[in-house]
Amino acid sequence: MAPPLEHGEHIPGTTRRSLLAGVAALGALGAAGCSRVATASTTGGGELLDRLRAAGVVRLGIAGEIPFGYIDKNGDLTGEAPELAKVIFKRLGVDRVQPVPTEFGSLIPGLNSQQFDVVAAGMYVTPERCEQVIFADPDYQMLDSFIVRKGNPKGLHTYKDVVAKKAKFATGTGYAEIGYAVEAGYKESDILIVPDQVAGLNAVEAGRVDVFAGTALTTREVVKKSTKAEATKAFSPTVDGKPHIDGGAFAFRRTETNLRDAFNAELRKLKKSGELLRVLKPFGFTQAEMTDLTAKELCGG
């Protein structure tokens, strides 16, 4: 979703990853048809679902990040959130999804200014974001993990280990891991900030840092072909003295509770049947990422 401030919202307005090739062409496609469903719903619960059904298309805000929502090398929309959106919206009577690429930090402003209908980018549910949008229940949960040199010579398994062993620490632009490290006692000005997990892997392999922090999924995937680095076992970062688990979900405008509730109803069916894991598995998700967390829990009650 590591997701950048999909976690803890310590550096607002930043993005984890630049958009992939093909986004420019799809940007024009994203603009097409905007007038068909751009009017905000003002009645109780919103009327957007009815209008999406009439239009036959839903516009998805994506941020060009693998594996959450991106344009592949063939110019096709994919990722865990868009693929899940295709399944759920088809069940809701909306046959087509249309990508609207933007930067991660522009997703919520873009949603609220009606540039698209829903955020489908693996966005973490945080109390700060819950003041701006409403979330479906999480479709996945996520722990953290480190990329370290083979054999983990410094024995780094938690952020406290990084501080205690004075390890050279890196994480990604806008990642909530920045806040997790700072909470553990690491000086923020000493953190090496790199664009994404690939750059983090390169930094570890080259010996520029001892450890790169990201989500368990992204670190697990990026080290698969490395001969010099490995991913540590997933763990919960500590927030306010307690273990913390993040959850990623679809976001909707605050007026659109009817659409959010209908989406949640279909999501619950997919979880119960096991179909959710089958949809997400091609993107590196495992049973460990499946969750019963609710948006209410992650919003703080």
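About 12,600 Å² of this protein is exposed, and carbon and sulfur atoms supply 52% of that; the areas come from the Shrake-Rupley method with a 1.4 Å probe. Of its 301 residues, 54% count as buried, that is, under 20% relative accessible area (1.4 Å probe, protein chains only).

A word on where this comes from: the model is predicted, so local features need pLDDT of at least 70 and side-chain atom pairs count only at pLDDT 80 or more, while totals for chains, interfaces and linings use all residues. Residues are numbered from 1 along each chain as its sequence is written, and side-chain values use heavy atoms, leaving out hydrogens and water.

The secondary structure comes to 12 helices and 15 strands, taken as DSSP runs (H or I, at least four residues, for helices; E, at least two, for strands) and numbered from the N terminus.

Now pick out helix 10, residues 257-273. With 17 residues at 1.5 Å each, helix 10 should span 24 Å, and its end C-alpha atoms are indeed 24 Å apart; the expected span is 1.5 Å times one less than the number of residues. Its buried residues include Leu259, Phe263, Leu267 and Leu270. The buried residues of helix 10 pack against partners including helix 2 (48-55), helix 3 (80-91) and strand 15 (246-252), with contact meaning heavy atoms within 4.5 Å. Just past the end of helix 10, Gly274 has a positive phi of about 90°.

Note on methods: Buried means under 20% relative accessible area, exposed over 50%, partly exposed in between (1.4 Å probe, protein chains only).
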